[in-house]
Amino acid sequence: MNNTRKIFIALFLIVVLPALFYSVYEISALNESEEMISQIYQRQLDAILFSVNQYVLDVASGWATQLENETTHSKFVQIIKANPSIISIITADTTLSALSVFPSQQFANHKSISSQKEMIDRLIRYQAASYRKLEPVIESDSTTIIFFVTSAPVKVVGIVINNEFFINSIISKKLIDIAQNDFVVAVDRQSNGFTLFTTSPEQNKTFSQQRQLWIFPDHIIKIRLKGTTIQDAAQERFNRNVLLIIGMDIVLILGAWFVFRTISREMELIAMKSDFVSNVSHELRTPLSLIRMFAETLEMGRVKTEKKKKEYYTTIVHETDRLTRLINNILNFSRMESNTRRYNFRPVLLNKLISSVLTIYSYQLEKLSFTLQTELSDHLPEISVDEEAIAEALHNLIDNAIKYSGENKYLRIATSVIQNSIIVEVEDHGIGISIEHHSKIFEKFYRVSHGLVHTAKGSGLGLAIVQHIVHSHNGTISIISEPHHGSKFIITLPLIQSK
Ligand code: ADP
């Protein structure tokens, strides 16, 4: 298993997996706690509804208390006057024979009492045990009678109530008080579903809780949170928390991915650096052994003809140049890395510079049977550049064009002016580079490691240095290349250098 995969698995096990486990656990726990919160809400609402019922019962009990000891007409008048929701008051003896209704014109409405014998007997029994119970009887759609039995004297009393009036004048106050800005509370008549009172006229919303009104059995009181229902509020909270957890997970996974990428990049770099060391050692050794070999041969006087001698000297000079360039590349790269490389800008005729660089290669190009094509524009103005650096960039590009030429030995160098820039193109018909490597070849130490490239030695620094030089001149470098169809490197240098 390679190291990158090990790091990936380690990060996955240490960071991602626990985070995912935690999230799944949290989300299920969240679900439970949201349900609990929802239940607590429901219970609270229940308690509120209970308190309304209790309040209604208290009001009715208050009336019953007033009638407990005094069932005179003047008392009736007083109570009915003070409580407009009371239509009339019925009294009867415990056998229900002496029935009277006050005011008497209401008598016709209250025939139902005779059919309540069983209930009245129950109330009498309660009363005998010193317990006054109130029993509601639905009289009609709009009226309810609350029956109870008084103790001294023992009498059946019924308070006839106008439901709607009671709800709108007595219950409504309590409901408004409870609802405030948080809840909507309404009272419906159950038989026909009409809403008799509501604290807020929001339509078509489902209520969370509803209870029957004890004293008005045909009526229900219902409640919900204002604006949203409890389920909505709980769901909203749940969604928000889930989103938060997912957001945290994404950040964590991104962080782990970032760490993974950084580590694997570092490892790649380490591997590339070790390749670099072995490549550079090889690059150094080859010209050195060539120089030594030719020098020794010359020293021993074994070379007879002047022509041969000249050839050996040229090779020695050429190899020394190569060595110098390689060492310069490494030195310049280290300056680049430590940000200490300084450029010395001076007006330069680029064509002249290119020609002098090409002169250095003439022997090599000829020896390797290269076709050299130069297309240097006549209209090239002077440009302010660091001559040495630009020459170095050209050397690196030409070196590559030669190194990676494959079978097709061709080199083209062209210059032109486009708008306010000078364009320099270095083109070969060599092995080319596939698109996925185009951006990477400019990274330090990066070398395309397949096919023919294995045979060409290099440090992997050349293009990184070229790019650094070009960028330091505010220029750009781009590449057009395809495997087996050669490569073209295009440098654009602005004529006016912004400092
Ligand atoms: P190197 O010392 O390996 O040549 P460079 O930074 O100069 O390092 O180039 C990086 C890689 O880009 C090379 O290893 C090679 O694979 C690829 N490359 C550069 N120039 C060319 C070219 N002209 N043709 C084909 N491949 C090239």
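1. Helices, α8 among them, are DSSP runs of H or I with at least four residues, numbered from the N terminus. The model under review is a predicted one. The points below concern its pockets.

2. The second largest pocket has a volume of about 390 Å³. It is lined by 18 residues, and N332, R341, E388, A389 and E392 are the closest to its centre. Two elements, α6 and α8, give two or more residues each to this lining. Which of the elements gives the most to it? That is α8, with seven residues.

3. By class, the lining of the second largest pocket holds nine charged residues, six polar and three nonpolar.

4. The largest pocket has a volume of about 1,200 Å³. Its lining counts 46 residues, of which D399, N400, K403, Y404 and K457 are the closest to the centre.

5. Several elements supply at least two residues each to the lining of the largest pocket: the helices α5 (230-299), α6 (306-337), α7 (350-367), α8 (387-403) and α9 (462-472), together with the strand β16 (487-494). The largest share is that of α6, with seven residues.

6. The lining of the largest pocket divides into 11 charged, 17 polar and 18 nonpolar residues.

7. Where does the largest pocket lie with respect to domain 1 and domain 2? Residues of its lining come from both domain 1 (1-293) and domain 2 (306-494), so the pocket lies between the two.

Definitions and conventions. Residues numbered from 1 in each chain as written. Predicted model: local features only at pLDDT ≥ 70, side-chain atom pairs only at ≥ 80, totals over all residues. Heavy atoms only, no water. 1 Å grid on protein atoms, 1.4 Å probe; cavity = no way out; pocket = protein on both sides within 12 Å on 5 of 7 lines; lining within 4 Å. Points joined across faces, edges and corners; volume = space filled by probe spheres on them. Nonpolar A, V, L, I, M, F, W, Y, C, P; charged D, E, K, R; others polar. Domains from an automatic or database assignment.
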